Each structure stands twice: as structure tokens, then as C-alpha cells.
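Q: I have a structure in front of me and would like to learn how to read it, one feature at a time. Where should we begin?

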Amino acid sequence: MPVATDVSDVGSEASPEAAALPINELFYSLQGEGKLAGVPSVFVRTSGCNLRCWFCDSYHTSWEPTGAWLTIDELVDEISEYKAAEHVVLTGGEPMIHDATEQLLQELDDRGFHTTVETNGTIYREAPIDLASISPKLTSSTPTEELDPKGEGEWAERHENRRIDMDALSGLVDAYDSQLKFVVTDPDDMAEIEDLFTRLQETTDAEIHNDDVLLMPEGRTREELDERRESVAELAQEHGYRYTPRLHVDLWNDAPGT
């Protein structure tokens, strides 16, 4: 099973004077998604997001952000406690909304860690990132009144206006080794994925190949994944893209700290 640090025992309720990040979870587990699926990694999950996907699998980093403030020094110390880990995954929420993300990534790079940043691709930052795991949000992610977890629909327009930023997306792809990871809810998503892939190929200097595009079934539980797993795998075959599992869900269902 994954091993977690209780951030409330390490951090503080208020932001300290030193550079710090609001942390929802810090745990050691297996990377569940993407090109590095199965790799043992320390996960640092920041709290706060500039989008509101209705299917967000980390509700308490977006819709109702919770966590404790940890300084960069405290974070590096906690990460270093997991002696077997060489990989660190910075995730959220959206970690790129926080200025201190850059300092944390620099400190981890200085110590020889391989870093993956899980991002929605709407914010570009210049920092040492080994793998930018970019998950552009499709129209199907928008929290309409019917899909909004709170039943209010207040975020629908803001989310829709913010979810794609071509300048930020292109900058991330050009600057870093990257993967484009799309959450697929149904086959209708494919036209938008194909269009966005084409636009990126036209606006970036870096070459983007089909195997840089990963299709991932939407689902926060094993039962939800069962409904889409096979159809998304078939879409990956049909379009020549990669299929990525959600290994942590298959192994531990929707348990926190996985």
C-alpha cells in the first residue's frame, strides 16, 4: 500500500514568511498514469486550481481546497524521507498556479530527483521539469449545471474560457519533454483531441508524435473505469495513440493517498 505523510503534522494553517506551498497530500506510491506508469514516486499534491472539471478526482484541491502550508525546506525534507524514491510527481489541483512551485522544482533538481509535473496546460513556468504531463481539458470537462458537483453551475463559464491556452500549451511542449494526456468520457471527445493535436503540431517547434498522445478513461473508481476502459483502448488503437491505464485506481480504487 502507499505510504503517506500527514501534512497537518508538518505544515501550518497560515502561509509562513518563507517560500511555501499549500499541500493537500504527500505520499509515496506508484505512478498510475502516463509513460511512467508503475514507477515508484513521491507525490506532492498542491491545493488550489484555476479550473473546475466536474469529474475532478481530487475534489479537495479544487472544489473545496484543503491542506496545510509547508515551506520548501519542509517539503524537501519530507520527500527525502522516502529513501527508495528517485521520482517526484508534483500534482494538484494545478501546481503551476503557485509561484513557489519553481523553487521546489529547482531544489529537487539540485538533489538529483526526476520530476514530473501534472498540469492542465494553462500556465507556463520556467523551471527544471523532466516530464511535463499535460492534460488539456476538453469541452466535456465543463461543469454545466447538470454536472456541477455542487449543482450550481457557477464555474461553467469561467472554466470554459480558461481551459485551453494555446500559448501556454505550446510553450510547455517546446520547453520540456512532454506527454499529452486526455481524459476521455466518450468517443465524441476524439474530434476535439484530433483538432487540438493538429493545432499544437502547427504552433510548436518541437516535434509531437502520436505516441506522445495518451488517452485515459474517465473514472474515479474501478466500477467507473470498467464502463469506459475497453472503449477508450479501442479508440487508442483506431487513432494510433497510446492508451494509459489508471493503475492506482485499479489497485486501490478511490482510496486517498494513492
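**Reading a helix and a pocket**

A: Let us begin with packing, bearing in mind that this is a predicted model: the buried residues of helix 8 pack against strand 8, helix 7 (189-203), strand 9 (213-217), strand 10 (242-243) and helix 9.

Q: Which residues of helix 8 are buried?

A: As a general idea, an α-helix has 3.6 residues a turn, so residues three or four places apart point the same way. In this structure, the buried residues of helix 8 are Leu-225, Arg-228, Val-232, Leu-235 and Ala-236.

Q: How do I read the course of helix 8, and where is its kink centred?

A: One can set the span of a helix beside the expected one: helix 8 covers residues 222-239, and its 18 residues reach 25 Å from the first C-alpha to the last, close to the 26 Å expected at 1.5 Å a residue. Helix 8 also has a kink of about 40°, centred on Arg-228, and just after this helix Gly-240 takes a positive phi of about 80°.

Q: Is Ser-170 buried or exposed?

A: Burial is judged by relative accessibility, with buried meaning under 20%; Ser-170 has 8%, and therefore counts as buried. Ser-170 lies in helix 6 (residues 166-175), and, leaving aside neighbours within four places in sequence, Ser-170 is in contact with Leu-200, Thr-203 and Thr-204.

Q: What is the volume of the largest pocket, and which residues are closest to its centre?

A: The largest pocket has a volume of about 960 Å³. Of its 46 lining residues, Arg-45, Asp-57, Ser-58, Gly-92 and Arg-246 are the closest to the centre, and the lining divides into 15 nonpolar, 18 polar and 13 charged residues.

Definitions and conventions:
Residues are numbered from 1 along each chain as its sequence is written. This is a predicted model: local features need pLDDT of at least 70, side-chain atom pairs count only at pLDDT 80 or more; totals for chains, interfaces and linings use all residues. Side-chain values use heavy atoms; hydrogens and water are left out. On a 1 Å grid over the protein atoms alone, a cavity is a set of points where a 1.4 Å probe fits but cannot get out, and a pocket is an open set with protein on both sides within 12 Å along at least five of seven lines; lining residues have an atom within 4 Å of a point. Grid points are joined across faces, edges and corners, and a volume is the space filled by probe spheres set on the points. Ala, Val, Leu, Ile, Met, Phe, Trp, Tyr, Cys and Pro count as nonpolar, Asp, Glu, Lys and Arg as charged, and the others, Gly among them, as polar. Helices (H or I, at least four residues) and strands (E, at least two) are DSSP runs, numbered from the N terminus. The expected span of a helix is 1.5 Å times one less than its number of residues. The bend at a residue is the angle between axes fitted to the seven residues ending there and the seven starting there. Buried means under 20% relative accessible area, exposed over 50%, partly exposed in between (1.4 Å probe, protein chains only). Contact means heavy atoms within 4.5 Å.
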